[in-house]
Structure formats: C-alpha cells, structure tokens
Amino acid sequence: MTRRNPFPTALPFLPEKRSLRTLRQAAAECQGCDLYRNATQTVFGDGDPHAELMFVGEQPGNDEDLQGKPFVGPSGRLLRKAAAEAGLDPDRIYITNVVKHFRWEPRGKRRIHKKPSEAQMAACLPWLHAEIEQVRPRGLVCLGATAAQALLGKDFRVSRQRGELVTSPLAELVLATVHPSAILRAPDDETRALETRRFVEDLTVMARALRRGRPRAAEVHAPLR
Ligand code: URA
C-alpha cells in the first residue's frame, strides 16, 4: 500500500520570478508543511549569491531559528573554522539547509532539535532546488546524513562515502561529510580533535578540487582572438 504524503509541498509558495531575493521573501510565508506553526521564522540560505561552494545542512537549530540565519550557532562556528583551515574562501560560500524551519520538541524550558520527517523534507526540497538553480555553485557539500540522503539518495552512507567526490547533476563537484554537530557531540576532547581533523580533510578534498578546475589568472585575462 502506498502511503500518502501527509503534508502538501512548498511548490505553490515559490515565486514565478525567481532570484534569491524573491525566493527569500516568498519562503518567509511558506506553509508547505506544518513546521511553520512552531518555528519563529523561516531560515533561508545566506551567503555569496554567486558562491563557488554551497554547504547544505539539515535544518536550523535554536540559535538559527531566533536569528533567522543558517549556521550561526556552535555548529556554524566549527564549520567556518574548518572551512578556513581547509583553504576554502569564506567570502565565496553560500550556506543553507534541506529544511527551512526549526523542528523541535520541548524539554523543560528548552527547545530540543527533532529530526524533520521525510514528508517535511520532501515538502521543503523545492526551496533548496531553487537555491541551487540560482546560485549554481561549482561545489556542493552535504553536511550529515539528512542532507546527503535528501540530495544524493536514500542509499547514500556518509560513514562509508564521506570525503569522496560523487557524480551528481546538482553541481560539478559534490561531496558529503559529517554534520559539525556530530563532532560537537563527541564524547571527549581527543575524539573531538580527531573528528575535527577528519572533517577538515574532507573539506580539503573539495578545496583542492575547486582549485584544480579554476582557470588560471593568465587564462582569465587573455585577450579574445
Ligand atoms: N544545523 C544545521 O543543520 N543547520 C543550521 O543552520 C544549524 C545547525
């Protein structure tokens, strides 16, 4: 028996005339699934509109929900530091999530992250596809299993395939690695340091691949004949 998607989709909320600006404005009104009800606001992607590289996470967390920007909390700080160590240009990055509203459940006075359901992810995906279409990054990094499976298929295993460039119609260079929040949850400092190094190594694969494919200055400025 096929189960019906209990939620509609974001599709009818997407604007006809598309730019990152019109998409961001329209996403603020999205009711494509039920998550808008308990979230403070839509957290749309942010960064260089012509970024060479796009990072895709799972969904905004508590800090992101309150500030309205992706990866502004501890995971974001770790991501930016690791990206800089890997040699990625922080000014040429666009960061977004598969799901644009914070899904949470109360625990005492705190709001605890709850993984979005498959139906909620499917409902939200048109926003991400529209962002990819606008930014057209050369490189795309999926952070964690949720992003990897949403974009690369359910059979994708970050544990086995992390740090490997994979073929995908989404971008020229596509790679998945762990989510920085998984590193922050490491049981001790030693494991955290080791996992951070592996994360930087994965990002270095992307940084090198981006550099390899980039035209040299001499080619860029060569006069047309
Ligand atoms: N984790 C995510 O996946 N995305 C964010 O924006 C913040 C934390």
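In the hairpin formed by β4 and β5, 2 residues sit between the strands, and G108 adopts a positive phi near 60°. This is a predicted model, so keep that in mind as we walk through it. The two arms of the hairpin, β4 (residues 104–107) and β5, run antiparallel and are joined over 4 bridges. If you want one pair to find on screen, look for W104, whose bridge partner in β5 is H113.

H113 is a good place to turn to the largest pocket, since this residue, along with S75, H179, S181 and R185, lies nearest the pocket's centre. The space in this pocket comes to about 740 Å³, and its lining counts 26 residues. Where do they come from? At least two residues each are supplied by α2 (62–67), α3 (74–85), β5 (110–113), α5 and α7 (180–184). The strand β5 gives the largest share, with 4 residues. Sorted by class, the lining holds 11 polar, 9 nonpolar and 6 charged residues.

One of those contributors, α5, also packs against another helix. Helix α4 (residues 118–135) meets α5 (residues 144–152) at an angle of about 75°, and their axes are 11 Å apart. Because angles of 65 to 115 degrees count as roughly perpendicular, α4 is described as roughly perpendicular to α5. On the α4 side, the contact is made by M121, L125, L128 and H129, while α5 brings T146, A150 and L151. By class, that contact has 5 nonpolar and 2 polar residues, with no charged ones.

Methods
Residues are numbered from 1 along each chain as its sequence is written. This is a predicted model: local features need pLDDT of at least 70, side-chain atom pairs count only at pLDDT 80 or more; totals for chains, interfaces and linings use all residues. Side-chain values use heavy atoms; hydrogens and water are left out. Axes are lines fitted to C-alpha atoms, for helices over the stretch in contact, and angles run from 0 to 180 degrees between N-to-C directions. Angles under 35 degrees count as roughly parallel, over 145 as roughly antiparallel, 65 to 115 as roughly perpendicular and the rest as oblique. Contact means heavy atoms within 4.5 Å. Ala, Val, Leu, Ile, Met, Phe, Trp, Tyr, Cys and Pro count as nonpolar, Asp, Glu, Lys and Arg as charged, and the others, Gly among them, as polar. On a 1 Å grid over the protein atoms alone, a cavity is a set of points where a 1.4 Å probe fits but cannot get out, and a pocket is an open set with protein on both sides within 12 Å along at least five of seven lines; lining residues have an atom within 4 Å of a point. Grid points are joined across faces, edges and corners, and a volume is the space filled by probe spheres set on the points. Two strands pair if DSSP finds at least two bridges between them.
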